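These are my notebook entries on a single chain and its ligand. I set down what I looked up, entry by entry.

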Amino acid sequence: MSGIQRVGIVGAGLMGSGIAEVSARAGLDVVVTEVNQLALETGARRIEKSFERAVRGQKLSEQERDAALSRLRYTTNLDEFADRDLVVEAIAENEQAKLEVFTALDKVVAAPDAILASNTSSIPIMKLGMATTRPAYVVGLHFFNPVPVLKLVELIPSLLTSEETLAAATDFATGTLGKTVIRSQDRAGFVVNALLIPYLLSAIRMMESGFASVEDIDNGMVHGCSHPMGPLRLADLIGLDTVKAVAESMYEEFKEPLYTAPPLLLRMVDAGLLGKKSNRGFYDYQS
Ligand code: 3HC
């Protein structure tokens, strides 16, 4: 097993809770933090529901579930991250908020060789590293939703990330979590979102222009290309606020018209129609 035993997760949203779950299932000691008690409890419930689903699907025994749950701790106090070997930041895709988290972690996490990782989809790791006094230990570890199901982790070194940090982060993702790692340069969108986001935006534009219906666009890609879900359902799964934020980071970096968020996406986010997590996006999830 890798030297990483104590993991901290900042953010208990869709991604943070998934990363916490797979880490606890892999036998690690996990502390999860959120900005307030309500967000923390929502995250804890999401993790518990996912464990129940795994038990129901016979992927986990009840004993394994109980053991994994006992390795998870929740707190709103970042000071409890002092003894962590690795922290994964997984808050919303907001650069200023992420910079503040990295500055705070730099002060709190005691071991000088602890790794501070970000699950960002698009914000430069270099900027996050420079918010700390230890950019050699800052790295991107980008997971995919749903984290317990999808095998991929993108590993993103900044210009200053050390080889030791990369080796330890790779060992954590592959050896401990059993994920498949691909490496990307530190550019907005990395590998997967650089390909995926223009596709999702094109589907939204297609629907917005009246070219085809939501269902027909999705059925086209499911039945015509064997994708597990169509682009509009996938945008709902990712969260339309996240799709918008990633598109905007990519546009800021490259000024490529393909990356501009279509007006319909902007209006849906304004309206709070964020996809599955808000029960409504391109589809209705109330029932
Ligand atoms: N947690 C745990 N297990 C889950 C799960 C979850 N949230 N969701 C689904 N599963 C498991 C199910 O238990 C089931 O397992 P089984 O086949 O062994 O019984 C399996 O996954 C399939 O689930 P379902 O039968 O319920 O549903 P589907 O077959 O429709 O699969 C899906 C659901 C796994 C979400 C599949 O549709 C899929 O892979 N979709 C594409 C997701 C994708 O592309 N994600 C990447 C988003 S991009 C991203 O995250 C990056 C960010 O930066 C934007």
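Which residues are exposed on the other side of α4? I looked these up and found Gln96 and Lys107. I note at the outset that the model is predicted.

**Entry: helix α4**

I then turned to the buried residues of α4, which are Lys98, Val101, Phe102 and Leu105. Seen down the helix axis, these buried residues fall within an arc of 95°, so they line one face of α4. I recall the general rule: an α-helix has 3.6 residues a turn, so residues three or four places apart point the same way. Among the elements that cover the buried residues of α4, I listed β1 (6-10), β4, β5 and α5 (125-130). I also checked the span of α4 (residues 95-108): its 14 residues should cover 20 Å at 1.5 Å a residue, and the end C-alpha atoms are 20 Å apart, which agrees.

**Entry: helix α6**

I repeated the procedure for α6, residues 163-176. Its 14 residues reach 19 Å from the first C-alpha to the last, close to the expected 20 Å. I found Thr165, Ala168, Ala169, Phe172 and Ala173 buried in α6. Down the axis of α6 these buried residues fall within an arc of 125°, so they too line one face of the helix. The face turned away from the buried side carries the exposed residues Glu163, Glu164 and Ala167. I recorded the cover over the buried residues of α6 as including β4 (86-89), β5 (115-118), β6 (138-143), β7 (152-157) and β8 (180-183). After α6 comes glycine 178, with a positive phi near 70°.

**Entry: ligand shell**

Which residues come nearest to the ligand? Of the 18 residues around the ligand, I noted Ser121, Asn145, Pro146, Pro148 and Pro228 as the nearest. By class, the shell has eleven nonpolar, six polar and one charged residues. I found that α2 (37-56), α7 (192-208), α9 (231-238) and α10 (240-254) each supply at least two residues of this shell.

**Entry: backbone geometry**

I kept in mind that most residues other than glycine have a negative phi, and that most peptide bonds are trans. Asparagine 145 and proline 146 are joined by a cis peptide bond, with omega about 5°. Proline 146 lies in the loop between β6 and β7, and both residues of this bond are among those nearest to the ligand.

Is phenylalanine 190 buried or exposed? I counted it as buried, because it has 24 C-beta neighbours inside 10 Å. Its phi is positive, near 50°, and it lies in the loop between β8 and α7. Glutamine 58 also has a positive phi, of about 55°, although it is not a glycine. I placed glutamine 58 in the loop between α2 and α3 (62-70); with 7 other C-beta atoms within 10 Å, it is exposed.

**Entry: proline 257**

Proline 257 lies in the loop between α10 and α11 (263-270) and counts as exposed, with 8 C-beta neighbours inside 10 Å. Its C-alpha atom is separated by 9.6 Å from that of proline 198, 59 residues apart along the chain.

**Entry: the whole chain**

I closed with the overall figures. The chain has eleven helices and eight strands. Its radius of gyration is 19 Å, which agrees with the value near 19 Å for a compact globule of 287 residues. Buried residues make up 45% of the chain. Of the contacts with a separation of 6 or more, 65% are between residues 24 or more positions apart.

Conventions. Residues are numbered from 1 along each chain as its sequence is written. This is a predicted model: local features need pLDDT of at least 70, side-chain atom pairs count only at pLDDT 80 or more; totals for chains, interfaces and linings use all residues. Helices (H or I, at least four residues) and strands (E, at least two) are DSSP runs, numbered from the N terminus. The radius of gyration is taken over C-alpha atoms; the globule rule is 2.2 Å times the number of residues to the power 0.38. A residue is buried if 20 or more other C-beta atoms lie within 10 Å of its own, exposed if 12 or fewer, and partly exposed in between; C-beta atoms are placed from the backbone. Two residues are in contact if their C-beta atoms, placed from the backbone, lie within 7 Å. The expected span of a helix is 1.5 Å times one less than its number of residues. The arc is that of the directions from the helix axis to the C-beta atoms. A residue is near a molecule or strand if its C-beta atom, placed from the backbone, lies within 6 Å of it. Ala, Val, Leu, Ile, Met, Phe, Trp, Tyr, Cys and Pro count as nonpolar, Asp, Glu, Lys and Arg as charged, and the others, Gly among them, as polar.
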